[in-house]
Each structure stands twice: as structure tokens, then as C-alpha cells.
Amino acid sequence: RVVRAAIMASPILKWKRVQNATGPNPKPRHGHRAVAIKDLMVVFGGGNEGIVDELHVYNTATNQWFVPPVKGDIPPGCAAFGFVVDGTRILVFGGMVEYGKYSNDLYELQASRWEWKKLRPKNPKNGPPPCPRLGHSFTIIGNKVYLFGGLANDSEDPKNNIPRYLNDLYTLEIKSNGVMQWDIPQCYGQAPPPRESHSAAACFDKDGTNPRLIIYGGMSGCRLADLWILNIDTMTWSKPNLGGIAPLPRSLHSATVIGSRMFVFGGWVPLVMDDVKVATH
């Protein structure tokens with residue numbers, strides 16, 4: 001009886017390919033980001049042969065792509081940036097704006113009228129603002145956005161790239177009056193080692209309490225396979241002991257929490273098993 005209950009509890013997972021979408025299809029790209037607003041999927045940026053600044057919107061109800069007429073402070077094209085949605089307001093932070101040149105600008109897109117606005121949040125009271133970066137995570141939990149890690153370029157000359165992996169944590173409180181300020185929160189426990197192109201996912205208990213931020217994998221000279229949890233109520237980092245068969249170390253993957261599960265999809269994994277041995281240490 002117990003076994004049967006366990007089988008019943010596991011979700012039925014089925015892929016379905018979306019075909020025959022009408023409207024202007026986005027060109028192939030990587031380093032873009034997407035968020036959902038009701039029936040819409042809003043896709044921005046990324047690159048292939050150069051970095052794009054278009055905004056593409058897919059309507060899941062009508063299977064249709066469209067390019068909205070945007071106005072305001074339209075940001076430059078960027079890749080590997082932070083992208084979160086709060087109601088109908090989307091926030092964009094950082095990313096690569098041209099080869100070797102990274103940004104620490106913050107923009108908002110009001111999707112109800114497709115209007116961009118450049119935001120100028122105040123500096124933290126206890127330190128400098130976030131440096132320009134790409135491959136960071138930018139995750140909304142409650143009324144705050146959590147910025148973690150990424151890759152900085154320590155060279156003034158974009159052609160001379162001196163990479164520096166980051167593990168700093170900033171928060172940005174979302175306020176309706178538009179006045180924003182970066183904050184460097186006091187954290188406890190051991191923070192995850194520096195990395196970029198990791199995933200970050202928010203999770204909660206069934207009743208919506210006990211908010212946590214799960215950092216998984218990424219790149220730091222080699223692909224990473226470690227998982228870390230930040231308890232938001234106590235701002236304490238921990239590294240849980242995990243069972244089961246672990247995924248290969250990876251970066252540039254996605255991680256999505258649905259119910260009590262986190263689904264990890266795709267990414268770059270090491271080509272040779274020697275790299276896996278390095279990553280496990």
C-alpha cells in the first residue's frame with residue numbers, strides 16, 4: 001500500500017513540442033532571459049552573431065509571437081543578465097553589453113505599456129554598489145531581489161579580459177514609489193565559493209513560509225556540482241548532504257522549482273571525466 005501511494009505521488013511528466021507558432025520568430029540565440037506574465041512569455045536579449053536588444057513576446061494562449069512597440073530608456077542589448085518579474089514590472093540588471101564589457105545598470109520594463117525606464121538605486125550604506133558583471137543570478141523572493149555572484153572583468157581594457165569570479169550577495173527591495181537602494185545583508189554560515197552561470201531558485205514550504213534560495217552548480221574555472229541553500233529568515237548559508245544520483249557538474253543550465261521539486265535542465269557539462277574529478281573537490 002505504501003509503495004502504491006509513493007507511485008501515485010510522483011508527477012506525470014510529459015514534454016510537448018510547441019509548433020506552428022505565428023508571428024515574427026526570434027532568431028537563434030543564447031544568453032537571453034525569459035519571464036512569464038499571465039499568458040505571455042517575455043524574452044529579451046541574448047546573442048548569436050552580436051548581441052540583440054529586441055524584446056519578443058510569445059502568447060501561449062494564441063501560439064503567437066509579437067514584437068511590442070517599446071518606448072522610454074531602451075537598454076542596450078545584453079546577454080547573461082539578471083531578469084525578474086514583479087507583477088507586470090520586469091527588472092533587468094547587468095550582463096554583457098559588448099564583448100569584454102559588462103554592465104551594472106538597472107532597468108525596468110513596465111509590460112502593461114511596454115515602457116522602459118533606467119533606474120538609479122542608491123548605494124548600500126555599508127559598501128560599494130554591485131560591480132559590472134555577467135552570469136550572476138537575480139532572484140525575487142517576497143519584496144526583495146537577491147543578486148548573487150557572477151563574473152567580473154578586472155581589466156579596464158575590454159580586449160584584455162581578466163576574469164574574476166564573484167560570490168557577493170546584494171539585495172534590492174522593490175518599492176512601489178520607485179525609490180530603490182542596494183543593500184549588503186549580514187549573512188551567517190559559509191557562503192558558496194565564487195561562480196558564474198549557476199542557477200538560483202526560490203522555494204518555500206507548502207504554506208508559503210520558510211523562504212529559501214537554492215544555488216546550484218555554475219562555472220569557476222571548471223564546472224561545479226555543489227548545492228547551497230540560503231535561509232532567508234535567518235540569512236544563513238548551509239550546504240545540505242544530498243542523496244541519489246547527482247547530475248554531472250554543469251553551468252548555463254536552468255533550475256525551476258515546481259511544488260517540492262527542483263527541476264534542473266540542460267547546460268554545459270565537462271567533456272572529459274577528469275574535469276568531473278576536479279569539480280568534486
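**View 1. Four strands, E12-E13-E14-E15, make up an open sheet with antiparallel pairing.** At the edges we find strand E12 (137-141) and strand E15 (182-183), and each has a single partner strand, so one side of each is left without a neighbour in the sheet. Keep in mind for this and every other view that the model is predicted. As a reminder, strands of a sheet pair through backbone hydrogen bonds, either parallel or antiparallel.

**View 2. Here we zoom in on strand E13 (residues 144-153) and strand E14 (residues 163-173), which run antiparallel.** Nine bridges hold the two together. To get your bearings, look for Gly-150, which stands opposite Leu-166 in E14. Another landmark is Val-145, with Leu-172 of E14 opposite.

**View 3. E14 also pairs with E15, again antiparallel, through two bridges.** One contact to pick out is Thr-171, whose bridge partner in E15 is Asp-183. E15 is one of the edge strands of the sheet, so one of its sides has no neighbour there.

**View 4. Tyr-58 and Trp-65 show up here as one of the 12 aromatic pairs that a search of the whole structure finds.** Their ring centres sit 5.2 Å apart and the planes meet at 50°, so this pair counts as tilted. Are the two residues buried or exposed? Both Tyr-58 and Trp-65 turn out to be buried.

**View 5. Phe-66 and Trp-114 form an edge-to-face pair, because their planes stand at 80° with the ring centres 6.4 Å apart.** This pair links distant parts of the chain, 48 residues apart. Phe-66 belongs to strand E6 (residues 64-66), while Trp-114 comes from the loop between strand E10 (101-110) and strand E11 (115-119). As for accessibility, Phe-66 is partly exposed at 29% relative accessibility, whereas Trp-114 is buried, with a relative accessible area of 13%.

**View 6. Five residues, Phe-44, Phe-81, Phe-83, Tyr-107 and Trp-116, come together in one aromatic cluster.** Have a look at Phe-81 in particular: Arg-33 lies over the face of its ring, at 5.8 Å from the ring centre.

**View 7. The largest pocket holds about 1600 Å³ of space.** Which residues are the closest to its centre? Out of the 49 that line this pocket, they are His-32, Arg-33, Phe-81, His-253 and Ser-254. Arg-33 and Phe-81 are familiar from the previous view, where Arg-33 lies over the ring face of Phe-81. Several elements give two or more residues to the lining, among them strand E1 (33-37), strand E2 (40-44), strand E8 (82-86), strand E16 (199-203) and strand E20 (254-258). E12 is on that list too, and we met E12 earlier as an edge strand of the open sheet. Sorted by class, the lining of the largest pocket comes to 26 nonpolar, 18 polar and five charged residues.

**View 8. The last close-up is about Leu-227, which is found in strand E18 (residues 223-231).** Leu-227 has a relative accessible area of 15%, so it counts as buried. The other residue to look for is Ala-200, 27 residues away from Leu-227 along the chain, with 9.8 Å between the two C-alpha atoms.

Methods: Residues numbered from 1 in each chain as written. Predicted model: local features only at pLDDT ≥ 70, side-chain atom pairs only at ≥ 80, totals over all residues. Heavy atoms only, no water. Pairing = 2+ DSSP bridges. Phe/Tyr/Trp six-rings, centres within 6.5 Å; stacked < 30°, edge-to-face > 60°. Buried < 20%, exposed > 50% of the residue type's maximum accessible area, 1.4 Å probe, protein only. Lys NZ or Arg CZ within 6 Å of the ring centre and 35° of its normal. 1 Å grid on protein atoms, 1.4 Å probe; cavity = no way out; pocket = protein on both sides within 12 Å on 5 of 7 lines; lining within 4 Å. Points joined across faces, edges and corners; volume = space filled by probe spheres on them. Nonpolar A, V, L, I, M, F, W, Y, C, P; charged D, E, K, R; others polar.
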